[in-house]
Amino acid sequence: MNSTLPLPAHISYSQWKSYTSCPRQWYLARLRAGQELQSWYLPIGSSVHDAIEHRLGGGSERSMETFFYPLVEKQMEVEPDLSKWLAGGPADSPVTHEKALQRAVECYEKAVEYLDELDVWEVEYDASGGLPGLSVPVKAYVDIIGEHKKKGPVIVDWKTGSTKPDNFQLETYAALLSEVGYGQGGNMIGGWQGRYVMLAPGSANTRYVDLSKVDPAEVGAKYQKVREQMEAKIYKTQAGFNCRFCFQSENCLVNKGITKRSVYYDKSTEDGYPF
């Protein structure tokens, strides 16, 4: 029997996003450790991030294959049948195999172009810390902190997908940096520009986020509201269109009905409030 894990001692933007999208998805992933469906999204995104970090760390030139394929091999240990992996793109031409590698190459090349406009201060910066009114710390790692040649101090997050990002991620980073006094004068919150750099071909180059009015107390309150729902064991399902892209879809009784796998993982009726 797969036992239920304790509530994490911290919260993060990814946890907040997962829970607000579907509390049952968060429950299955975080508390039941449900085995995820494998996807092509992960090796694309992770290989691009790894290649950027390697470049900025002064590493020697390496091909994208050396970042991409080890990640694919690792996922194949979990699910060797690649036809079962989640993939983006049109149904008749999904982004898989060589197309997925090419997507990673294109995203990386676009990131390198953008980096020419930046004086990079930090890479994968650990901004974890507390926020006003929040009972647990926030775990957060910022892709890039630096200064844009024209826009000034900037917080950057790389996006290899085409889905419209949520401003709350960058707002979280700005609030955390403000709380620890990062930057000139001890508080840069009024001077930060937020940028989601959209790397996927065909997407806008950047999405700008105004961080001048971010209030750490308001950010903390949004996290605390979700944390209290987690503590109250509310695991309801937000069933709908997004279920087809959910990594936990095979483990969910609402999505899959009664199967050996869903019955094994989904104990939401016993553990909390599933509806």
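**Figure 1. His-97 lies in helix H5.** This helix covers residues 97–115. The view comes from a predicted model. What is the sign of phi at His-97? The angle is positive, at about 50°, although His-97 is not a glycine. Most residues other than glycine have a negative phi. Is His-97 buried or partly exposed? Its relative accessibility is 37%, so His-97 counts as partly exposed.

**Figure 2. Lys-233 sits in a loop between two helices.** Helix H7 (216–231) lies on one side of this loop in sequence, and helix H8 (253–256) on the other. Lys-233 is not a glycine, yet its phi is positive, at about 65°. The relative accessibility of Lys-233 is 41%. Lys-233 therefore counts as partly exposed.

**Figure 3. Ser-268 is a buried residue of helix H10.** The helix runs over residues 268–271. Why does Ser-268 count as buried? Its relative accessible area is 1%, and buried means under 20%.

**Figure 4. The side chain of Ser-268 makes polar contacts with the side chains of Arg-24 and Asp-266.** The contact between Ser-268 and Arg-24 is 3.4 Å. For Ser-268 and Asp-266, the value is 2.8 Å. Both of these contacts join side chain to side chain.

**Figure 5. Ser-268 touches residues from other parts of the sequence.** Which residues does Ser-268 touch, not counting those up to four places away in sequence? They are Arg-24, Tyr-27, Tyr-235, Tyr-273 and Pro-274. Arg-24 appears here again, as it also makes the polar contact of 3.4 Å with Ser-268.

**Figure 6. The chain around these sites has 10 helices and 7 strands.** The radius of gyration is 20 Å, close to the 19 Å that the globule rule gives for 275 residues, so the chain is as compact as a globular protein of that length. Its C-alpha atoms fill a box of roughly 55 × 45 × 30 Å along the principal axes. Of the 275 residues, 44% count as buried. Ser-268 is buried as well. Consider contacts between residues at least 6 apart in sequence: 72% of them join residues at least 24 apart.

**Figure 7. The chain carries 30 positive and 35 negative side chains.** How far apart do the centres of the two sets lie? The distance is 7 Å. The chain exposes about 14,000 Å², and carbon and sulfur atoms supply 50% of that area.

Note on methods. Residues are numbered from 1 along each chain as its sequence is written. This is a predicted model: local features need pLDDT of at least 70, side-chain atom pairs count only at pLDDT 80 or more; totals for chains, interfaces and linings use all residues. Side-chain values use heavy atoms; hydrogens and water are left out. Helices (H or I, at least four residues) and strands (E, at least two) are DSSP runs, numbered from the N terminus. The radius of gyration is taken over C-alpha atoms; the globule rule is 2.2 Å times the number of residues to the power 0.38. Buried means under 20% relative accessible area, exposed over 50%, partly exposed in between (1.4 Å probe, protein chains only). Contact means heavy atoms within 4.5 Å. Accessible areas come from the Shrake-Rupley method with a 1.4 Å probe; for residues, only the protein chains shown count as cover. Lys and Arg count as positive and Asp and Glu as negative; His and the chain ends are not counted. The place of a charge is taken as NZ of Lys, CZ of Arg, CG of Asp or CD of Glu. A polar contact is a pair of N or O atoms within 3.5 Å; within protein, one must be able to donate a hydrogen and the other to accept it, and residues adjacent in sequence count only if both atoms are side-chain atoms.
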